[in-house]
Amino acid sequence: MKKIFSLMVIFIMAFTTGVQAADNLVITEPWLRVSPKKVAGAFFEIKNNSDQTINVISATAQGSQKVELHTHTLDNGIMRMRKVDSIDIPANGIQSFNPHSYHLMLFRLDEAAFAVGNMVEVELTFDNQTTLKAMFEVKPFGKNMPKTK
Ligand SMILES: [Cu+2]
């Protein structure tokens with residue numbers, strides 16, 4: 001009985017400590033904007049202070065029912081958005097999520113939560129079993145439109 005109990009304790013500990021905060025990653029300048037189509041693009045820079053490449057593999061956001069990792073690709077001269085499975089943050093390097101390249105795309109939004117000026121909590125999950133949260137400021141749409149070259 002005692003053995004079963006200690007096994008349970010180990011199980012619970014393993015479960016609660018399974019996902020740790022990513023202490024070697026730093027998010028700077030997080031912001032997002034809601035497009036007229038009621039989807040949001042979320043942008044930031046993330047710095048990797050470790051000696052290993054770390055990949056973003058998923059994300060969630062409060063008030064959004066679905067978040068995808070996106071990139072832009074040039075397709076016959078037309079910029080298109082494409083979903084990707086992961087985005088790397090190089091060892092001792094920085095990855096930029098911006099309106100011209102990688103970004104998070106947030107779908108099915110609670111409009112009140114995404115009013116301009118609000119702060120929205122976004123959580124990133126990485127391939128090394130860690131997560132990181134940041135508060136993203138909702139900025140007006142239009143000021144930071146992607147360049148259409
Ligand atoms: Cu997108």
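Q: Leaving aside its neighbours within four places in sequence, which residues is Glu121 in contact with?
A: Let's start in this predicted model with Glu121, whose place is in strand E10. We set aside the residues within four places in sequence, and then look for contacts. What remains for Glu121 is Gln62, Lys133 and Met135.

Q: Which residue in E11 stands opposite Glu121?
A: Glu121 sits in strand E10, and seven bridges join E10 to E11. These two strands run antiparallel. The residue in E11 opposite Glu121 is Met135.

Q: Is Glu121 buried, partly exposed or exposed?
A: Here we can count neighbours: Glu121 has 13 other C-beta atoms within 10 Å. A residue needs 20 or more to be buried, and 12 or fewer to be exposed. Because its count of 13 falls in between, Glu121 is partly exposed.

Q: How far apart in space are Glu121 and Gly63, C-alpha to C-alpha?
A: Along the chain, Glu121 and Gly63 are 58 residues apart in sequence. Their distance in space is a separate value, taken from C-alpha to C-alpha. For this pair it is 8.7 Å.

Q: Which residue in the hairpin of E10 and E11 takes a positive phi?
A: The hairpin of E10 and E11 has three residues between the strands. In the loop between E10 and E11 we find a residue other than glycine whose phi is near 70 degrees. That residue is Gln129.

Q: Is Gln129 buried or exposed?
A: Gln129 has 11 C-beta neighbours inside 10 Å. The cut-off for an exposed residue is 12 or fewer. With a count of 11, Gln129 therefore counts as exposed.

Q: Which residue in E11 stands opposite Trp31?
A: E11 also has bridges to E2: three of them join the two strands. E2 and E11 run parallel. Opposite Trp31, in E11, stands Glu137.

Q: Which residue in E11 stands opposite Gln20?
A: Strand E1 covers residues 20–21. Two bridges join E1 to E11, and these strands run parallel. The residue opposite Gln20 is Thr130.

Q: Which strand supplies the largest share of the largest nonpolar core?
A: The largest nonpolar core has 26 residues. Several strands each supply at least two of its residues, among them E2, E4 and E10. The largest share is five residues, and the strand it comes from is E3.

Q: Leaving aside its neighbours within four places in sequence, which residues is Ala42 in contact with?
A: Ala42 is one of the residues with the most contacts inside the largest nonpolar core. Once we leave aside its neighbours within four places in sequence, a list of partners remains. The residues in contact with Ala42 are Leu32, His103, Leu104, Leu106, Val122 and Phe136.

Q: Which residue in E9 is the bridge partner of Leu69?
A: E9 pairs with E5 in the antiparallel sense, over six bridges. E9 is also joined to E3 by three bridges, again antiparallel, and there Gly41 stands opposite Met105. For Leu69, the bridge partner in E9 is Leu104.

Q: Which residue in strand E9 has a positive phi although it is not a glycine?
A: The residue we want has its place in strand E9. Its phi is about 50 degrees, and it counts as exposed, with 11 C-beta neighbours inside 10 Å. This is Arg108.

Q: Which residues does Thr73 touch, not counting residues up to four places away in sequence?
A: Thr73 is found in strand E5 and counts as exposed, with 12 C-beta neighbours inside 10 Å. Its C-alpha atom is separated by 8.1 Å from that of Ser101, 28 residues apart along the chain. The residues Thr73 touches are Arg80 and Arg82.

Q: How many strands does the protein chain have?
A: Now for the whole chain. From the N terminus on, the elements run α-β-β-β-β-β-β-β-β-β-β-β. Setting the one helix aside, the number of strands is eleven.

Q: What percentage of the 149 residues in the protein chain is buried?
A: To be buried, a residue needs 20 or more other C-beta atoms within 10 Å of its own. The protein chain has 149 residues in which to look. The buried part makes up 22%.

Key: Residues are numbered from 1 along each chain as its sequence is written. This is a predicted model: local features need pLDDT of at least 70, side-chain atom pairs count only at pLDDT 80 or more; totals for chains, interfaces and linings use all residues. A nonpolar core is a set of buried Ala, Val, Leu, Ile, Met, Phe, Trp, Tyr and Cys residues joined through C-beta atoms within 7 Å. Helices (H or I, at least four residues) and strands (E, at least two) are DSSP runs, numbered from the N terminus. Two residues are in contact if their C-beta atoms, placed from the backbone, lie within 7 Å. Two strands pair if DSSP finds at least two bridges between them.
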